[in-house]
Amino acid sequence: METKVTSRQTNMQKMVVQNLIKNGNFINNSTNGYGSTPDDWTAGAAGYEPNQVQGGRPAFTKAEFLSAVGVADADLEGLWLLNEASGNATDLSTNGYDLTDTNTVTSSDDGLLGKARDFESGNSEYFNIADASCANLEISGAQTWFVYFKPESVPGQMHVLGKSNSATTNLKRLGINSNNKLFFNLQGLSTNDIATSDVVVEAGKWYLVIGVYDESSIKIHVNGVKKTATATGSANDTNGDFAIGRLGAWTSASDNYFDGLVQSAGVINGALTDAQVNKLWAFLGYQGIKTRDAGADDAVLYQTIDPSDAQRLAGKTVTLRAKMYQDEASAGTIGIGEDVATNAAPLPTVESTASTTTGEWLDISLTTTLSSDFSNLTVFLNAGGGTAGTVWFKEVALYESDTDLGYAHSPDDWNRFPRLLKMDIPLLGAGTYPYQFEEGRYYVWSPTWTGFSSSPSATYIWEYKGTKAYIEFGSASGTSNAAGLDFTLPIKCNQQSGGYSGYSCCVYDNGSWQTDNGIVGIADGFTAKVGKTIPTRSGNAYGGFTSSGSKGLSFQGSYEID
């Protein structure tokens with residue numbers, strides 16, 4: 001009699017038989033931001049293609065985009081994937097606003113979503129379309145702009161895309177300002193016409209930037225982190241060209257042109273909700289890992305299983321599974337290796353059967369019985385197989401099982417990334433990444449101080465759990481010459497003013513430590529203040545700093561984040 005396995009049975013199996021892969025869906029994708037080998041995984045070195053591992057997903061169709069984000073076709077005014085090998089940039093919207101290639105924008109195989117276009121600012125490269133040929137991009141009310149890009153240099157102001165006349169008296173733009181921060185600007189709006197992110201752009205990192213105007217506010221989302229400013233009214237008619245790689249028709253500034261890779265840019269007539277923005281970010285940015293074999297050698301990504309889990313599997317049957325997308329037949333495989341020498345080119349002991357299917361996500365698995373005696377256990381994601389090609393992987397899991405149970409996040413991932421897995425992204429401070437931080441893990445940061453004539457030296461550590469950030473440092477000594485001592489926070493608070501909870505503070509004044517609870521509170525979203533004359537708090541008071549000698553501070557406490 002045939003036995004049917006129901007989804008309920010499968011889910012119960014996965015609850016008992018747990019995924020042993022860390023970061024199996026690449027959800028936090030590198031503490032250095034998109035562009036580096038993802039945390040918990042290692043890129044093959046000697047004998048393998050170097051630097052071929054990135055985050056991303058395969059190129060997509062317009063229908064997939066509309067369905068995933070929840071946008072009507074009629075509201076999509078422009079969608080440029082920028083995955084052409086050369087020439088003009090094709091618009092997938094019904095408007096057909098193809099952009100003219102100016103000064104030869106080349107193609108790169110190192111885009112997150114397949115190919116990208118590579119702009120060189122020194123050659124003034126850009127795509128554009130004349131004002132008279134793109135009337136539907138002239139939106140006065142609610143609208144959304146988005147673009148995925150990686151700067152190759154960050155010299156200061158650069159524009160990624162925009163619509164403007166040559167005099168820049170009327171403009172719509174999305175770019176990087178002179179402080180290396182991203183902004184979204186619609187001239188003509190009342191109260192505020194610009195939203196500037198707190199994220200500081202770095203060369204070599206990927207950024208998905210989404211600008212939204214909903215007729216009550218203007219917002220900018222950078223890799224899931226939102227900044228909002230009140231705004232109303234109508235955006236000006238630019239009467240100018242639309243361009244990617246520079247600001248519309250503006251030609252008079254050398255810092256106008258973008259330098260780096262760009263792909264998947266678009267303009268929507270209407271404001272995406274925060275939920276839709278998260279869907280767009282999940283659709284573009286949370287879709288696995290790309291590995292590319294350029295032909296000379298294979299590309300490989302591997303992870304060594306935690307020894308306590310690995311030893312428990314000795315002599316057992318295990319199944320490694322993943323979803324895989326390949327653009328060349330037989331390019332991708334997965335594998336398991338026993339006693340892998342990580343100081344040499346790592347090799348799997350057993351490998352999955354190569355597939356000839358291309359252009360779609362495949363469920364692949366490998367079942368094997370492990371030996372009863374091994375030193376280490378390693379899993380592999382491979383691209384190559386003797387043919388040049390690009391392979392994407394996601395939903396990687398290793399089970400003590402003789403069948404593929406599908407994908408479930410590992411308990412380790414749920415412990416480390418619970419907010420990220422639920423797309424509940426915390427607001428972080430400048431220069432940090434929303435997918436960078438694990439919960440319950442200490443990080444070191446360098447605060448910016450004011451109020452010290454000489455910079456204080458100390459070790460500053462912090463962590464976050466759920467909706468609280470915990471920070472501490474000791475012996476932050478320097479010379480004080482101001483009425484207050486201010487230090488920046490490592491992660492943004494959820495209030496503009498207020499105090500800490502569970503804090504302890506000591507003040508060092510001219511040779512002695514004075515125990516005190518006198519924290520004035522958070523002055524704004526990023527700065528905590530310690531007053532020179534510290535007020536009475538819970539019956540503890542300190543009268544203020546003396547006029548000479550070394551000053552210092554130690555602190556331990558927590559505060560609420562969003």
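Before I turn to the sheets, one definition: two strands are said to pair when DSSP finds at least two bridges between them. With that in hand, and keeping in mind throughout that this is a predicted model, I can begin with an open sheet of five strands, whose order is 1-19-24-21-22 and whose pairing is antiparallel. Its edges are strand 1, residues 42-43, and strand 22, residues 350-351, each of which pairs on one side only. At the strand 22 edge, strand 21, residues 332-338, is joined to strand 22 by two bridges, with the two strands running antiparallel, and the bridge partner of Gly-335 in strand 22 is Glu-351.

Let me step back to the chain as a whole. It has six helices and 37 strands, and of its 562 residues, 54% count as buried. If we take the contacts between residues at least 6 apart in sequence, 73% of them join residues that are at least 24 apart.

The next sheet is also open, with seven strands in the order 4-7-16-9-10-11-12, and here again the pairing is antiparallel. Strand 4, residues 100-102, and strand 12, residues 194-200, are the edge strands, each pairing on one side only, and the twist from one strand to the next averages 15°. Within this sheet I would point you to strand 9, residues 158-164, and strand 16, residues 241-244, which pair in the antiparallel sense over four bridges; there, Leu-161 stands opposite Ile-244 of strand 16.

Ile-244 also leads us into the interior. Which residues have the most contacts inside the largest nonpolar core? They are Trp-80, Phe-149, Phe-242 and Ile-244, in a core that has 42 residues. Not counting residues up to four places away in sequence, Ile-244 touches Trp-80, Leu-82, Leu-99, Phe-119, Tyr-126, Phe-127, Val-160, Leu-161, Val-262 and Ala-265, so that Leu-161, its opposite number in strand 9, is among the residues it touches. Apart from that core lies another, of 31 residues, including Leu-272, Val-277, Trp-281 and Ile-425. As a general remark, nonpolar side chains in soluble globular proteins tend to be buried together.

Val-277 and Trp-281 bring us to helix 3, where both are among the buried residues. This helix covers residues 274-285, twelve residues in all, and reaches 16 Å from its first C-alpha to its last, close to the 16 Å expected at 1.5 Å a residue. Its buried residues are Gln-276, Val-277, Leu-280, Trp-281, Phe-283, Leu-284 and Gly-285. Seen down the helix axis, these buried residues fall within an arc of 165°, so they line one face of helix 3. What covers them includes helix 2 (62-69), strand 8 (143-151), strand 13 (207-213) and strand 14 (217-222).

Further along the chain there is a hairpin, formed by strand 29 and strand 30 with two residues between them, and Gly-466 in the turn has a positive phi of about 60°. Strand 29, residues 460-465, pairs with strand 30 in the antiparallel sense over six bridges, and Lys-465 stands opposite Lys-468 of strand 30. In a regular strand the side chains alternate between the two faces of the sheet. In strand 30, residues 468-473, the covered face consists of Ala-469, Ile-471 and Phe-473, while the uncovered one consists of Lys-468, Tyr-470 and Glu-472.

I will finish with three loop residues. Most residues other than glycine have a negative phi, yet Asn-23, which is not a glycine, has a positive phi of about 55°. Asn-23 sits in the loop between helix 1 (7-16) and strand 1. Is Asn-23 buried or exposed? With a relative accessible area of 0%, Asn-23 is buried. Thr-168 likewise is not a glycine and has a positive phi of about 55°; its place is the loop between strand 9 and strand 10 (171-176), and at 23% relative accessibility Thr-168 counts as partly exposed, because buried would require a value under 20%.

The last residue, Thr-90, lies in the loop between strand 3 (76-80) and strand 4, and is partly exposed, with a relative accessible area of 37%. Leaving aside neighbours within four places in sequence, Thr-90 is in contact with Leu-79, Trp-80, Leu-81, Glu-84 and Asp-98. From Thr-90 to Thr-100, ten residues along in sequence, the separation in space is 9.0 Å, C-alpha to C-alpha.

Conventions:
Residues numbered from 1 in each chain as written. Predicted model: local features only at pLDDT ≥ 70, side-chain atom pairs only at ≥ 80, totals over all residues. Heavy atoms only, no water. Expected span 1.5 Å × (residues − 1). Buried < 20%, exposed > 50% of the residue type's maximum accessible area, 1.4 Å probe, protein only. Arc of directions from axis to C-beta. Contact = heavy atoms within 4.5 Å. Core = buried A, V, L, I, M, F, W, Y, C linked by side-chain atoms within 4.5 Å. Axes fitted to C-alpha atoms, helices over the stretch in contact; angles between N-to-C directions.
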